[in-house]
Amino acid sequence: MAQWKVWIMGLVLVVLTGCSPMSVFNESAGSTTILRADGKLQVLFLDVGQGASQLLISPSGKTMLIDAGNNDKEQVMLDYLKQYQITKLDIVIGTHPDADHIGGLDKVIDQTLVDSIYMPKISSNTRTFESLLESISNKKLKVQTAKAGLTLDWDKEVQVEMIAPAAVYDSANNMSAVVKITYGTTSLLLTGDAEAESEKDMIKSGVDLSSTVLGVGHHGSKTSTSLTFLNKVKPQYAIIQSGKDNNYGHPDKTILSRLKKAGVSVYRNDLQGTVSVISDGKNVTIATERKEK
């Protein structure tokens, strides 16, 4: 009976407001079905275990996918796209060649219409990277170089700036594409696996790093989110994409403590599942797939 009450309340919300409710809570499962928020900017930090993926939907319905988890998350990614009724991706970004970021991109590209794809100018000799290049070639896509200084044409109401890599690094992590999304007075900084060296160069470049929401670098590793960088970003919220009981100890206690001391509200895939950030251009609301235990 309780489930029916929740469903009816959600339906009433649709009728009264003319838009989808942000989420519907399923009491028996202890989880939330996160819905699309049409007419607003929505950034979904998808739960792909020990990996990273963000699905972005603009106020006008434009789509962007940044990374797609590891190789074993290919079907998971396809299921997410189906769940959010995504049949076309206007922009795809592979932040860097690590498998836990690009492992699922090949199947996504194989089975989804893609307009443009960006990747940093760094390669890998892994089968994962080769498979991605094959999928890109089969779709006759041309990879555009992800680098600082680019402004991506996505949605006329949303500014998409690529602010890293700002230099050339030997480290694949530091070559990560870093993207700032600005909608009205709200913004998100999505940092891939960028580490302290890249963070230092972003600061040095003079770009405005301040953001409402920070996608924490390198799954919350202590190699990223330096105190100086955090003080420049000054986020209200931080999202950490890491897998439950992962072998790396992510997120690191030092980073969690640093975020707490800065007064940042932290959300985590490993504890709360998929995290949805929705902006109307003035305010940000956040929903999670499940309550933190």
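## Helix α6 and its two faces

In this predicted model, helix α6 covers residues 196-205, and within the helix Ser 198, Glu 199 and Met 202 are buried. When α6 is viewed down its axis, these buried residues fall within an arc of 105°, and therefore they line one face of the helix. The elements that the buried residues of α6 pack against are β10, β11 and α7.

The face of α6 that is turned away from this buried side carries the exposed residues Lys 200 and Lys 204. Just after the helix comes Gly 206, which takes a positive phi of about 85°.

## Helix α5, its length and its buried side

Helix α5 is made of 12 residues, 127-138, and at 1.5 Å a residue they should span 16 Å; the C-alpha atoms at the two ends of the helix are 16 Å apart, so the expected span and the model agree. Its buried residues are Thr 128, Phe 129, Ser 131, Leu 132, Ser 135 and Ile 136. Because these residues cover an arc of only 160° around the axis, they are on the same side of α5.

On the other side of α5, Ser 137 and Asn 138 are exposed. The buried residues of α5 are covered by elements that include the helices α3 (99-102) and α4 (105-111), together with the strands β7 (113-119) and β8 (143-145). Just after α5, a positive phi of about 55° is found at Lys 140.

## The eight-stranded sheet

Strands β7 and β8, which are among the elements covering the buried residues of α5, also belong to an open sheet of eight strands. The order of the strands in this sheet is β8-β7-β6-β5-β4-β3-β16-β17, and their pairing is mixed. The edge strands are β8 and β17 (284-288), each of which pairs on one side only, and the twist from one strand to the next averages 20°.

Strands of a sheet pair through backbone hydrogen bonds, and they may do so in a parallel or an antiparallel manner. One of the pairs in this model is formed by β6 (residues 88-93) and β7, which run parallel and are joined by five bridges. Leu 89 stands opposite Val 114 of β7.

## Two cis peptide bonds before proline

Where in the chain does Pro 165 lie? Pro 165 is found in the loop between β10 (158-164) and β11 (178-183), and the peptide bond that leads to this proline from Ala 164 is cis, with omega near 5°.

Another cis peptide bond runs from His 250 to Pro 251, and its omega is near -5°. Pro 251 lies in the loop that connects β14 (237-240) with α8 (253-261).

## Positive phi in the loop before α7

The loop between β13 (213-215) and α7 (227-233) contains His 218, a residue other than glycine whose phi is nevertheless positive, near 55°. Is His 218 buried or exposed? A residue counts as buried when its relative accessible area is under 20%, and because His 218 has 15% relative accessibility, it counts as buried.

Thr 225 lies in the loop between β13 and α7 as well, and although Thr 225 is not a glycine, it has a positive phi of about 55°. With a relative accessible area of 2%, Thr 225 is buried.

Notes: Residues are numbered from 1 along each chain as its sequence is written. This is a predicted model: local features need pLDDT of at least 70, side-chain atom pairs count only at pLDDT 80 or more; totals for chains, interfaces and linings use all residues. Side-chain values use heavy atoms; hydrogens and water are left out. Helices (H or I, at least four residues) and strands (E, at least two) are DSSP runs, numbered from the N terminus. Buried means under 20% relative accessible area, exposed over 50%, partly exposed in between (1.4 Å probe, protein chains only). The arc is that of the directions from the helix axis to the C-beta atoms. Contact means heavy atoms within 4.5 Å. The expected span of a helix is 1.5 Å times one less than its number of residues. Two strands pair if DSSP finds at least two bridges between them. Axes are lines fitted to C-alpha atoms, for helices over the stretch in contact, and angles run from 0 to 180 degrees between N-to-C directions.
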